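This report describes the fold and selected side-chain interactions of one protein. The sequence and the structure are shown below.

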Amino acid sequence: MMKFIFNFAWKIKLHAMHGEFDIEVNGSIIKLVLRGAFNDIGAKAVVVELKNCVLAYEQAPFTIMMNLLAFDGGTPEVFAESDNFNAWLNNTNMVAKALIFTSPALIAIERTLVKSKAQQNIQYFDNEADAQLWLNEYIDEVHNKLA
């Protein structure tokens, strides 16, 4: 029986002139909160930190929760960075991603400009509690299949 349980956790908080973000790693979930408007500099900072978090899992299954309720959008370069990151992410053991969004306009922009997400297991939510519940259930299901 093989079960992946992670007992590590850490938190990163960065505020720059190009958007603000928090990253928290807890168990099998990487939680990202974006606030404000981003440009390519802010997007690149987010990508560097997220890649470091993903690499810490050493190919073990993990999930991502992105809270975008306070995300005000970004320049076209932000979505290009996101597309590149998600293409990289497609070659990892991410098993599910919960996106917390309430703006139909931003969801449509994100879906149109970040094509690399098409092959990912993504669900959209309007609150963190439901997203957390879905991710916990999903990671438990993956662990049971590995057992």
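Which residues form one aromatic cluster? In this predicted model, the cluster is made up of Phe-125, Trp-134 and Tyr-138. The account below first sets out the overall architecture and then returns to the aromatic and charged side chains.

**Overall architecture**

The protein contains four helices and six strands, arranged from the N terminus in the order β-β-β-α-β-α-β-α-β-α. It comprises 147 residues, 45% of which count as buried. Among contacts with a separation of 6 or more, 71% are between residues 24 or more positions apart. The exposed surface amounts to about 7700 Å², with 54% supplied by carbon and sulfur atoms.

**The S2-S3 hairpin**

Strand S2 (residues 19-26) is mostly covered, with six of its eight residues buried. It pairs in the antiparallel sense with strand S3 (residues 29-38) over seven bridges. The two strands form a hairpin with two residues between them. In the turn, Gly-27 has a positive phi of about 65 degrees, and Asn-26 stands opposite Ile-29 in S3.

**Aromatic pairs**

Six aromatic pairs are found in a search of the whole structure. One of them joins Phe-38 and Phe-71 in a tilted arrangement, 6.0 Å centre to centre and with 45 degrees between the planes. Phe-38 belongs to strand S3 and Phe-71 to strand S4 (residues 62-74), so this pair ties together parts that are 33 residues apart in sequence. Phe-38 is buried at a relative accessible area of 4%, and Phe-71 also counts as buried, at 9%.

Another tilted pair consists of Trp-134 and Tyr-138, with 5.7 Å centre to centre and 35 degrees between the planes. Both residues lie in helix H4 (residues 128-146), four residues apart, or about one turn of the helix. Trp-134 counts as buried at 17% relative accessibility, whereas Tyr-138, at 24%, counts as partly exposed.

**Charged side chains**

The structure holds four salt bridges. Three of them are listed here.

| Salt bridge | Closest N and O atoms |
|---|---|
| Arg-35 with Glu-20 | 2.9 Å |
| Asp-22 with Arg-35 | 2.8 Å |
| Lys-31 with Glu-128 | 2.8 Å |

The bridge between Lys-31 and Glu-128 links distant parts of the chain, since Lys-31 is in strand S3 and Glu-128 in helix H4, 97 residues apart. Lys-31 is partly exposed, with a relative accessible area of 22%, and Glu-128 counts as partly exposed at 28%. Elsewhere, salt bridges that share partners join Glu-20, Asp-22 and Arg-35 into one network. Within this network, Arg-35 is partly exposed at a relative accessible area of 22%. Glu-20 is buried at 18%, and Asp-22 is buried at 14%. Asp-22 lies in strand S2 and Arg-35 in strand S3, so their pair ties together parts that are 13 residues apart in sequence.

Glu-81, located in helix H2 (residues 76-89), is buried yet has no salt bridge. Its nearest side chain of opposite charge is that of Lys-44, 4.2 Å away. A salt bridge requires the nitrogen and the carboxyl oxygen to be within 4 Å. Not counting residues up to four places away in sequence, Glu-81 touches Ala-43, Lys-44 and Val-47.

Notes
Residues are numbered from 1 along each chain as its sequence is written. This is a predicted model: local features need pLDDT of at least 70, side-chain atom pairs count only at pLDDT 80 or more; totals for chains, interfaces and linings use all residues. Side-chain values use heavy atoms; hydrogens and water are left out. Buried means under 20% relative accessible area, exposed over 50%, partly exposed in between (1.4 Å probe, protein chains only). Contact means heavy atoms within 4.5 Å. Accessible areas come from the Shrake-Rupley method with a 1.4 Å probe; for residues, only the protein chains shown count as cover. Lys and Arg count as positive and Asp and Glu as negative; His and the chain ends are not counted. Two strands pair if DSSP finds at least two bridges between them. Rings of Phe, Tyr and Trp (its six-membered ring) pair if their centres lie within 6.5 Å; planes under 30 degrees apart count as stacked, over 60 as edge-to-face and the rest as tilted.
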